[in-house]
Amino acid sequence: MPVTVGVLALQGAFIEHVQLLKKAAEQEALPDWEFIEVRTPQELDRCDGLVLPGGESTTMSLVAARSNLLEPLRDFVK
């Protein structure tokens with residue numbers, strides 16, 4: 001069964017994070033790993049793990065709230 005790791009794609013260097021995760025998985029021969037950008041609660045629901053790129057936390061909270069992603073993120077962390 002594939003492992004899906006999301007990268008929160010609200011702000012910051014999320015594209016670079018996804019690219020580096022894919023490269024690391026290839027080097028370690030982890031074919032069943034998938035890396036996705038997360039912008040919606042539906043994308044978050046697909047994730048087994050989540051990477052939060054660095055960024056300004058207040059801005060990230062505001063964007064997450066506007067995207068209806070703040071509460072799903074809180075639930076995911078629990």
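These legends walk through several close-up views of one predicted model.

Local features are reported at pLDDT of at least 70 and side-chain atom pairs at pLDDT 80 or more, while totals for chains, interfaces and linings use all residues. Residues are numbered from 1 along each chain as its sequence is written, and side-chain values use heavy atoms, with hydrogens and water left out.

**View 1. The largest nonpolar core brings together 10 residues.** Its members are Leu 8, Leu 10, Ile 36, Val 38, Leu 44, Cys 47, Met 60, Ala 64, Leu 69 and Leu 73. At least two of these residues come from each of β2 (33-38) and α3 (57-66). Another core, of seven residues, lies apart from this one and includes Val 5, Ala 9, Ala 25 and Phe 35. A nonpolar core here is a set of buried Ala, Val, Leu, Ile, Met, Phe, Trp, Tyr and Cys residues joined through side-chain atoms within 4.5 Å. Buried means under 20% relative accessible area, exposed means over 50%, and partly exposed is in between, with a 1.4 Å probe and protein chains only. Helices (H or I, at least four residues) and strands (E, at least two) are DSSP runs, numbered from the N terminus.

**View 2. Ile 36 belongs to the largest core.** Which residues does Ile 36 contact, leaving aside its neighbours within four places in sequence? They are Thr 4, Val 5, Gly 6, Val 7, Val 18, Glu 43, Arg 46 and Cys 47. Contact means heavy atoms within 4.5 Å.

**View 3. Strands β1 and β2 run parallel.** Six bridges join the two strands, and strands count as paired if DSSP finds at least two bridges between them. One pair to look for is Val 5 with its bridge partner in β2, Phe 35. Strand β1 (residues 3-8) is largely enclosed by the rest of the structure, because five of its six residues are buried. Thr 4 sits in β1 and is buried, with a relative accessible area of 8%. Beyond residues up to four places away in sequence, Thr 4 touches Glu 34, Ile 36, Arg 46, Cys 47, Asp 48 and Gly 49.

**View 4. Trp 33 is part of strand β2.** Its relative accessibility is 38%, so Trp 33 counts as partly exposed. Not counting residues up to four places away in sequence, Trp 33 touches Val 3, Val 5 and Ala 25. For a sense of distance, the C-alpha atoms of Trp 33 and Leu 69 are separated by 23 Å, with the two residues 36 apart along the chain.

**View 5. The largest pocket has a volume of about 160 Å³.** Its lining consists of Leu 8, Leu 52, Ser 57, Met 60, Ser 61, Ala 64, Leu 70, Leu 73, Arg 74 and Val 77. Two or more of the lining residues come from each of α3 and α4 (70-77). How many lining residues fall into each class? Seven are nonpolar, two polar and one charged. Ala, Val, Leu, Ile, Met, Phe, Trp, Tyr, Cys and Pro count as nonpolar, Asp, Glu, Lys and Arg as charged, and the others, Gly among them, as polar. On a 1 Å grid over the protein atoms alone, a pocket is an open set of points where a 1.4 Å probe fits, with protein on both sides within 12 Å along at least five of seven lines; lining residues have an atom within 4 Å of a point. Grid points are joined across faces, edges and corners, and the volume is the space filled by probe spheres set on the points.

**View 6. Ala 29 and Pro 31 share the loop between α1 (14-27) and β2.** Ala 29 is exposed at 58% relative accessibility, and Pro 31 is exposed at 71%. Phi of Ala 29 is near 55°, a positive value in a residue other than glycine. Most residues other than glycine have a negative phi. From Ala 29 to Val 63, C-alpha to C-alpha, the separation is 35 Å. The C-alpha atoms of Pro 31 and Gln 42 are separated by 23 Å.

**View 7. Asn 68 lies in the loop between α3 and α4.** Although it is not a glycine, Asn 68 has a positive phi of about 55°. Asn 68 is exposed, with a relative accessible area of 57%.

**View 8. Gly 54 is found in the loop between β3 (49-51) and α3.** At 58% relative accessibility, Gly 54 is exposed. Leaving aside neighbours within four places in sequence, Gly 54 is in contact with Gln 11 and Gly 12. Gly 54 and Phe 14 are 40 residues apart in sequence, yet 8.8 Å apart in space, C-alpha to C-alpha.
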